[in-house]
Amino acid sequence: MAEELILTDNTTKAQRYAELMPQIEGLIMGEPDVVANLANIASALKFGMGFFWVGFYLVKEDELVLGPFQGPIACTRIRKGKGVCGTAWAEGKTQLVPNVEEFPGHIACSSDSKSEVVLPAFKDNEVALVLDVDSDQLDDFDAVDVEHLEALMRKIEAFL
Ligand code: SME
């Protein structure tokens, strides 16, 4: 396993993802432990992409429960259908939110969070976890993030 991420300065977001994703694959390759892999993925995304907050919420019975993350402390439990994360779980679909204040029922773990993207990963055709990425800037996520992060969710499904 590599000891540090190798990333070029001053790249576009798409180039940065293209550099980072193979390194994330290298981090998780051959490691079956779910928490270890999610922890390293959260760190690689935080430091590789410079995200404000990035982490996982795991489906546990009838709630999402906070899992490995990087960033400020966060809400620990989210009900199905509540907030952006609970909606991604209930609908089984990526939620791209340019302005969190305009998302009905958004859960403000941090008042600094302005936009977010939440993506589900599936096990046995059920949502098993969501990846939540928050920005302190409005409208900070787009189709490039969705494309690369959805591809990452498919890699995560391989070890769930
Ligand atoms: N904003 C999320 C809650 C999780 S935190 O942002 C880390 C939501 O509305 O589901």
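Tutor: Let's start with a definition: a residue is buried under 20% relative accessible area, exposed over 50%, and partly exposed in between. Keep in mind that we are looking at a predicted model.

Student: Happy to. Does K13 count as buried, partly exposed or exposed?

Tutor: Its relative accessibility is 28%. Buried would need a value under 20% and exposed a value over 50%. K13 falls in between, so the class is partly exposed.

Student: Which residue does K13 meet in a salt bridge, and where does that partner lie?

Tutor: The side chain of K13 meets that of D142, with N to O at 3.2 Å. This pair links distant parts of the chain, 129 residues apart. K13 belongs to helix α1 (residues 13-28), while its partner D142 sits in the loop between β6 and α4.

Student: And what is the accessibility class of D142?

Tutor: D142 has a relative accessible area of 32%. That value lies between the 20% and 50% limits, so D142 is partly exposed.

Student: Which strands are linked by the salt bridge between E63 and R77?

Tutor: Good one to look at: the closest N and O atoms of E63 and R77 are 2.9 Å apart. The two residues are 14 apart along the chain. E63 is in residues 63-70 and R77 in residues 77-79, and the strands are β2 and β3.

Student: Of that pair, which residue is buried and which is exposed?

Tutor: R77 has a relative accessibility of 52%, which is over 50%, so R77 is exposed. The relative accessible area of its partner is 15%, under the 20% limit, so the buried residue is E63.

Student: In R154 and E157, how far apart are the two residues in the helix?

Tutor: Their side chains meet in a salt bridge at 2.8 Å, N to O. R154, at 39% relative accessibility, is partly exposed, and E157, at 22%, is partly exposed as well. Both lie in helix α4, and their separation is three residues, about one turn of the helix.

Student: Which residues are joined into one network by salt bridges that share partners?

Tutor: The structure holds seven salt bridges. Some of them share partners, and the network they make joins D62, E63, R77 and R79.

Student: Let's turn to empty space. Which element gives the most to the lining of the largest cavity?

Tutor: The structure holds two cavities of 30 Å³ or more, and the largest has a volume of about 110 Å³. Its lining has 14 residues, with H106, I107, C109, E116 and D132 nearest the centre. Two elements give two or more residues to this lining, α3 (83-91) and β6 (126-135). The top contributor, with three residues, is α3.

Student: How many nonpolar residues line the second largest cavity?

Tutor: This cavity has a volume of about 70 Å³. Among the lining residues are F52, W53, C109, S110, D132 and D134, and β1 (53-60) and β6 each supply at least two. By class, one residue is polar and two are charged, and the nonpolar count is seven.

Notes. Residues are numbered from 1 along each chain as its sequence is written. This is a predicted model: local features need pLDDT of at least 70, side-chain atom pairs count only at pLDDT 80 or more; totals for chains, interfaces and linings use all residues. Side-chain values use heavy atoms; hydrogens and water are left out. On a 1 Å grid over the protein atoms alone, a cavity is a set of points where a 1.4 Å probe fits but cannot get out, and a pocket is an open set with protein on both sides within 12 Å along at least five of seven lines; lining residues have an atom within 4 Å of a point. Grid points are joined across faces, edges and corners, and a volume is the space filled by probe spheres set on the points. Helices (H or I, at least four residues) and strands (E, at least two) are DSSP runs, numbered from the N terminus. Ala, Val, Leu, Ile, Met, Phe, Trp, Tyr, Cys and Pro count as nonpolar, Asp, Glu, Lys and Arg as charged, and the others, Gly among them, as polar. A salt bridge is a side-chain nitrogen of Lys or Arg within 4 Å of a carboxyl oxygen of Asp or Glu. Buried means under 20% relative accessible area, exposed over 50%, partly exposed in between (1.4 Å probe, protein chains only).
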